[in-house]
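These are my notebook entries on a structure that I had not examined before. I record below what I looked up, in the order in which I looked.

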Amino acid sequence: MTSTYLSFIVCDELFAVNVAKVLEVLQKQRITHVPNAPEYIKGIINFRGEVVPVFESRTKFNLPARPNDDAYVVIVFDLSKGADVFRIGTVVDRVKDVISIDDTEIKPVPPMSKDFNTDFLQGIYKQQADFIMLLNVEKVFTGDELVAIKDTHLQTVE
Amino acid sequence: MDPSLNKFRDKFYEEANQLLDKVENDLLKLEKMPNENELIESAFRAMHTIKGVSGMFGFDFVCEFTHCMESVFQLIKDKQITFDREIFDITFASLDHVRRLITDEKLADKHNQDMHSKLIQDITIILERSKAKSNNPAKSSSTEYEITTPTNASITNTWHIMLRTDEQLYFRGISLVGIFSELSQLGSYQTAKLAYLSDDKSDTWSIILSSNAPKNEITDIFVFLEENATITQLANQDIFENLANGINDDGEAEQSILEYVESSGKAKIAAREEQLNMRLFNKNAATAEGSKPVANKQAIKRISVDSVKLDNLMFLVSELITVDSQLLLATNSAKFATIKPLVEKVDALSKLFRNNAFEIRLVPLSDTVLRFQRLIRDLSRQLGKKIELSTQGTDTELDKNTIDQLNEPLMHIIRNCIDHGIEEPDKRADVGKPETGMIKITANQTGNYVVITVEDDGHGINCEKVRLKAVDKGILKATDTPTRQEIFDLIFLPGFSTAESLSEVSGRGVGMDVVRKKIIDLRGDITIDSTEGKGTSFTLKLQQSVAIIDSLLFTVEDSFFTVPLSDIMICSQTPAEEIALRAHTATIPYNDELIPFVDLRKKLHINGAYKNKIKVVIIRNNDHMVALLTDKIVGEHQAVLKPLGRSFRNQEYITSASQLGDGNLAFMIDTNKLFTASEVMKN
């Protein structure tokens, strides 16, 4: 089966995500820092009338921090499950391309540097000379979110 | 069943619940005045309407069951039995059961099945008993259904109404429930669906009405349905009366009426159907005769709207307000001078629009009070106490969402009053109080705030007992000397319950702390006051609407913050050195008083330092005041609040943000939390 992916660059590395989960790519979006927020949360944005949290992909993947004046774009994902609406944004360096990838062409993740967080990778795709790391968006964000969701459940049980 | 009628069903759910509320309300009053004919009459009519309409929509169990209930009411109406405690208990339980049946129309739930057969059995016992009693010739209840319309035409006629229902009716917003409740005011009626005249698009119903009302009163009811209804006279007498051999044979009676109609021949009905079609072609001509123009006695004062539509409206309004402030900012230079008046007009209009949209969402508190009445009735009976509810100002309005979320905490408070507050009748008599305890709910509005007070005249809170318990639990030291208010505040701590024994009613460890949490989630506040021996009062302070708030905008470093304008006392300026000097006590003088200040930089971990002149915003909550240290006061801001969402659940002082004209976001500081924080700081 062939799926369409959006590729983007973080720290000179090529990544791609399934476009089915992508809502919008925002250029020059102002991000408001939230006091007392965890480090991986860059801030919040007003997206179509709702407050959407924005994560820093570099912190998430354990890559070098982003210099303050560097350009960036925000990719907004829709990770809603049924009635449970959940949108989240991530900051990347820039978006590159929209590509079609056949499932059979996806290769397993090889062992990588300990410092690089590979838990979120779904596989590797080779496009000419480039290797693109395919991300499993759900895994990238639900790691921390799961805790929060669990908390919510505990709250309601009380 | 015609699929288009599914839309009717949604309406039916809503209206049936309203009718059930009405019956419940009547019953609660009847308990105090069991002989009030008007109340019996009104409850009976509402039951009858539910029965009629539920039958039409295929809610067979509801129909069957309400029929049983109606029989009981009929006997009461005819003075063959009188209300006693048992009948009240059964009818209340039956009402609850009808509510369940409406959602479980196929009676699929095992529990509901058991309940269903048990209640029917109970009702049958009542009916049997009265039958045995009334087997004397004194049974002369002449007219089966008492008729309340003016009896200038005292001859009772029987009318036949052919009614065709289709999708159009739904789109025209015609309420069948309304029609049937009007019909039941005229007299008694029976309905049956004529299967052979119904198809995919429409259903045809045969309604037989016996009434002494003149024909034009009947046609008035169907004034909007002229082309769908044909009204003909069947007999110049009440055929129900002739057929009925007492209410207990009602089932049979119904049967024979149907036979009567059937036997009158399909040909006759087909002829009427033709007539009906004729009218469709010829409806202008039809209006000429008999029917008066719409002299609708009760003009519609309230309409019910799907709450999703209201939410959408609110969303659009809040977006409009955001764009409005962006527009104001973008046109704030000389080159836009020509369009400035227009921009200002748009601004004024959108603010009016906002206020108007808010008002639409407001619901009076009285809608909720009925449920409390019922709770008080059931619980006081269970606990063997005598309790009256009195209310004042319950027409005060609150946002629909707030009311919905307020229901549970209020229930809990009232449960507490009944269970822990008000004493048993004999104990009350011993201390010279009237045997019947009193729970009073008062509501009033000041500005954007609504204050709701729930008071009981029970034994109050024993401060010493609470203090000892707190010492016991290690919350207080034995040497501490807390003030009364501080002792009352202890009751809001998790797991703190003062009752000696935990009862089923309240005090399962989840108690007032949950209530407080809910109220704080609503951006409100709750306090307790109590005098031992006299009673306890709970005061809830809530914002009338919470989605858009007039606020003051200020900055700390490069972050924007807002505080509701209604919380602000005054803004002033203090030299940084003075704050530095007072840092160890974290208080500053204000009006001969020392008030705590909150260093927002420290509290929210914001970098940088305050400049020489610190702008101080003093906010007030009840009798407490707190000063916020800020960098710059920007001005007024209409905050369209958006929740931060679960990614920021751990935020203590910030729960929502609003967009500024330039696209930046400002955080609303939760002042209630600040007050609890400064309390903690003080202790």
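**Entry 1. A hairpin in chain B.** I began with β15(B) and β16(B) of this predicted model, which form a hairpin with 2 residues between them. In the turn I noted B:N591, which has a positive phi of about 50 degrees. I then looked up the pairing of the two arms: β15 (residues 587-590) and β16 (residues 593-599) of chain B run antiparallel and are joined by 4 bridges. For one pair I went to B:I588, and its bridge partner in β16(B) is B:I595.

**Entry 2. The sheet around the hairpin.** I next asked in which order the strands of this sheet stand. It is an open sheet of 5 strands in chain B, with the order β14-β17-β18-β16-β15 and mixed pairing. I found β14 (568-575) and β15 of chain B at the edges; each has a single partner strand, so one side of each is left without a neighbour in the sheet. On average, neighbouring strands of this sheet are turned by 35 degrees against each other, direction ignored. At the β14(B) edge I looked up the partner, strand β17 (residues 613-621) of chain B: the two pair in the antiparallel sense over 7 bridges. Within that pairing, B:I568 has B:I619 of β17(B) as its bridge partner.

**Entry 3. A sheet in chain A.** I turned to chain A and found an open sheet of 5 strands there, in the order β3-β6-β7-β5-β4 and with mixed pairing. Its edge strands are β3 (22-27) and β4 (41-47) of chain A, each of which pairs on one side only. Here the neighbouring strands are turned by 30 degrees against each other on average, direction ignored. I followed β4(A) to strand β5 (residues 50-56) of chain A; they run antiparallel, with 6 bridges between them. Opposite A:I44 I found A:P53 in β5(A).

**Entry 4. A covered strand.** I returned to chain B and asked how many residues of strand β1 (residues 157-166) are buried. The count is 9 of its 10 residues, and the strand is mostly covered. I then looked up its partners. β1(B) pairs with strand β3 (residues 202-211) of chain B in the antiparallel sense over 10 bridges, and B:M162 stands opposite B:S206 in β3(B). β1(B) is also joined by 6 bridges to strand β4 (residues 229-235) of chain B, again running antiparallel. There B:H160 has B:T232 in β4(B) as its bridge partner.

**Entry 5. A threonine in a short look-up.** I checked B:T219, which lies in helix α8 (residues 215-221) of chain B. Is it buried or partly exposed? B:T219 has 19 other C-beta atoms within 10 Å, and because a buried residue needs 20 or more, it counts as partly exposed. I also noted its distance to B:I231, 12 residues away along the chain: the two C-alpha atoms are separated by 7.4 Å.

**Entry 6. Two helices of chain B.** I compared the expected and actual spans of helix α16 (residues 400-421) of chain B. At 1.5 Å a residue its 22 residues should span 32 Å, and the end C-alpha atoms are 30 Å apart, which agrees. I nevertheless found a bend of about 35 degrees at B:N407, with a proline, B:P409, following within four residues. For helix α4 (residues 85-103) of chain B, 19 residues should span 27 Å, and the ends are 28 Å apart, which agrees. I listed the buried residues of α4(B): B:I87, B:T91, B:S94, B:L95, B:H97, B:V98 and B:L101.

**Entry 7. Where the chains touch.** I found 23 residues of chain B in contact with 20 residues of chain A. On the chain B side, α13 (307-330), β20 (642-643) and β21 (654-659) each supply at least two residues. The largest share, 3 residues, comes from β21(B). By type, this side of chain B divides into 11 nonpolar, 8 polar and 4 charged residues.

**Entry 8. Chain B as a whole.** I closed with the totals: chain B has 23 helices and 22 strands. Of its 683 residues, 33% are buried. Among contacts in chain B with a separation of 6 or more, 71% join residues 24 or more positions apart.

Definitions and conventions. Residues are numbered from 1 along each chain as its sequence is written. Chains are lettered from A and ligands numbered from 1 in the order in which they are written. This is a predicted model: local features need pLDDT of at least 70, side-chain atom pairs count only at pLDDT 80 or more; totals for chains, interfaces and linings use all residues. Two strands pair if DSSP finds at least two bridges between them. Axes are lines fitted to C-alpha atoms, for helices over the stretch in contact, and angles run from 0 to 180 degrees between N-to-C directions. A residue is buried if 20 or more other C-beta atoms lie within 10 Å of its own, exposed if 12 or fewer, and partly exposed in between; C-beta atoms are placed from the backbone. Two residues are in contact if their C-beta atoms, placed from the backbone, lie within 7 Å. Ala, Val, Leu, Ile, Met, Phe, Trp, Tyr, Cys and Pro count as nonpolar, Asp, Glu, Lys and Arg as charged, and the others, Gly among them, as polar. The expected span of a helix is 1.5 Å times one less than its number of residues. The bend at a residue is the angle between axes fitted to the seven residues ending there and the seven starting there.
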